[in-house]
Structures are given as C-alpha cells and as structure tokens.
Amino acid sequence: MNNYELMVIFTPVLSEEDYKTAQKKYTAFIKDNGGTVVHENPWGLKSLAYPIQKKTTGLYWVLEYDAPSDFNEKLKTQIRRDESILRFMATKLDKYAVEYNSRKRRGVPTGTEKVEA
C-alpha cells in the first residue's frame, strides 16, 4: 500500500449537494478497490490562478488515501470521465510527507509556522 494525495477542482456550478455527492463517490471508489481514506479536506470555492473552461473559480477538494500501486490508473480513468472535474492531481507521498500531514492534522508544530515578531 502506498500513500497518495489527490487534489481535485470541481466546476463551480455544482450545488452543495452535488459537490458532497461527488466527494462520496470517489471515497467509495477508493474503499471499493481496497484502499483506505486517511483524511479529506473540502476547501470549498476558491479563485483559480487562470481561467479553465471560461471559469475563474472552482470547488477544491483534497483527499489523502492509502491504496495499492495499480489503483491510480483506475482512479484517473474515472476522474477523466467525470465532466464536473476541471483539473486533478494525484501525488505519491513519501514517509516524510505522511509524517508532516499527520503532525499538521494533530496540531503539533511542524516547523513551518509563521512567527510573529
């Protein structure tokens, strides 16, 4: 099992219900294929750095999961078929990134916080 992080930008025209349904769809897909969801973080509506399909905002969603190494190709196929997704990026996490994410979720200082003078 490898650790991955998936960032998805959904089209901003989705309703709140459709946005949550899409999230559940992909978490269920991961679980059905032998993976486990470690953490999910819906960021909500954010501005895009540049227009994509004439849209300047998108609904962001970040998902951290464990899955077999051959699973990502199945996931990418599913995502590419979904017309509600503007962009996505799946990243394999090394042990340091997994530890960093774990510490950040628990509120333990990671060394990257801003210090006020």
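# Close-up views of a predicted model

**Figure 1. The whole protein chain, with 3 helices and 4 strands as its secondary structure.** Welcome to the overview; please keep in mind that this is a predicted model. Starting at the N terminus, the order of elements is β-α-β-β-α-β-α. A box of roughly 40 × 40 × 25 Å, taken along the principal axes, holds the C-alpha atoms of the protein chain. There are 117 residues, and 32% of them count as buried. If you like contact maps, here is a number to keep: among contacts with a separation of 6 or more, 72% join residues 24 or more positions apart. The accessible surface is about 7800 Å², and carbon and sulfur atoms contribute 50% of that area. For the charges, count 19 positive and 16 negative side chains, with the centres of the two sets 3 Å apart.

**Figure 2. Helix α1, residues 16-32, and its buried side.** This helix has 17 residues and spans 24 Å from first C-alpha to last, close to the 24 Å expected at 1.5 Å a residue. Look for the buried residues Tyr19, Ala22, Gln23, Tyr26, Thr27, Phe29 and Ile30. Because they cover an arc of only 155 degrees around the axis, they sit on the same side of α1. As a reminder, an α-helix has 3.6 residues a turn, so residues three or four places apart point the same way. Turn to the face directed away from the buried side and you meet the exposed residues Glu17, Lys24, Lys31 and Asp32. The cover over the buried residues of α1 includes the strands β1 (2-10), β2 (36-52), β3 (55-67) and β4 (85-93), together with helix α2 (71-81). Just after α1 comes glycine 34, with a positive phi of about 90 degrees.

**Figure 3. Helix α2 and its two sides.** Here Phe71, Asn72, Leu75 and Ile79 are the buried residues. Their arc around the axis is only 90 degrees, which places them on the same side of α2. On the other side of this helix, Glu73, Arg80 and Arg81 are exposed. What lies over the buried residues of α2 includes β1, α1, β3 and β4.

**Figure 4. Tyrosine 65, a buried residue in the setting of strand β3.** Tyrosine 65 belongs to strand β3, and its relative accessible area is 0%, so it counts as buried. Which residues touch tyrosine 65, once its neighbours within four places in sequence are left aside? The contacts are Asn2, Asn3, Tyr4, Leu6, Ile30, Thr36, Val37, Val38, Phe71, Asn72 and Leu75. Some of these names come back from the earlier views: Ile30 is one of the buried residues of α1, while Phe71, Asn72 and Leu75 are among those of α2. For a distance to check on screen, the C-alpha atoms of tyrosine 65 and glutamine 78 are 16 Å apart, with their positions 13 residues apart along the chain.

**Figure 5. The loop between β2 and β3, with glutamine 53 and lysine 54.** If you are scanning backbone torsions, pause here. Glutamine 53 is not a glycine, yet its phi is positive, at about 50 degrees. Lysine 54 is not a glycine either, and its phi is positive at about 65 degrees. Is glutamine 53 buried or exposed? With a relative accessible area of 53%, glutamine 53 is exposed. Lysine 54 also counts as exposed, at 84% relative accessibility.

**Figure 6. Threonine 11, in the loop between β1 and α1.** Although this residue lies in a loop, threonine 11 counts as buried, at 8% relative accessibility. Apart from its neighbours within four places in sequence, threonine 11 is in contact with Lys55, Leu59, Ser84 and Leu86.

**Figure 7. Helix α3, residues 95-106, and alanine 97.** Helix α3 has 12 residues and reaches 17 Å from its first C-alpha to its last, close to the 16 Å expected at 1.5 Å a residue. Alanine 97, found in this helix, counts as partly exposed at 21% relative accessibility. How far apart are the C-alpha atoms of alanine 97 and asparagine 3? They are separated by 9.3 Å, while the two residues are 94 residues apart along the chain. Just after α3, glycine 107 has a positive phi of about 85 degrees.

Conventions:
Residues are numbered from 1 along each chain as its sequence is written. This is a predicted model: local features need pLDDT of at least 70, side-chain atom pairs count only at pLDDT 80 or more; totals for chains, interfaces and linings use all residues. Side-chain values use heavy atoms; hydrogens and water are left out. The expected span of a helix is 1.5 Å times one less than its number of residues. Buried means under 20% relative accessible area, exposed over 50%, partly exposed in between (1.4 Å probe, protein chains only). The arc is that of the directions from the helix axis to the C-beta atoms. Contact means heavy atoms within 4.5 Å. Accessible areas come from the Shrake-Rupley method with a 1.4 Å probe; for residues, only the protein chains shown count as cover. Lys and Arg count as positive and Asp and Glu as negative; His and the chain ends are not counted. The place of a charge is taken as NZ of Lys, CZ of Arg, CG of Asp or CD of Glu.
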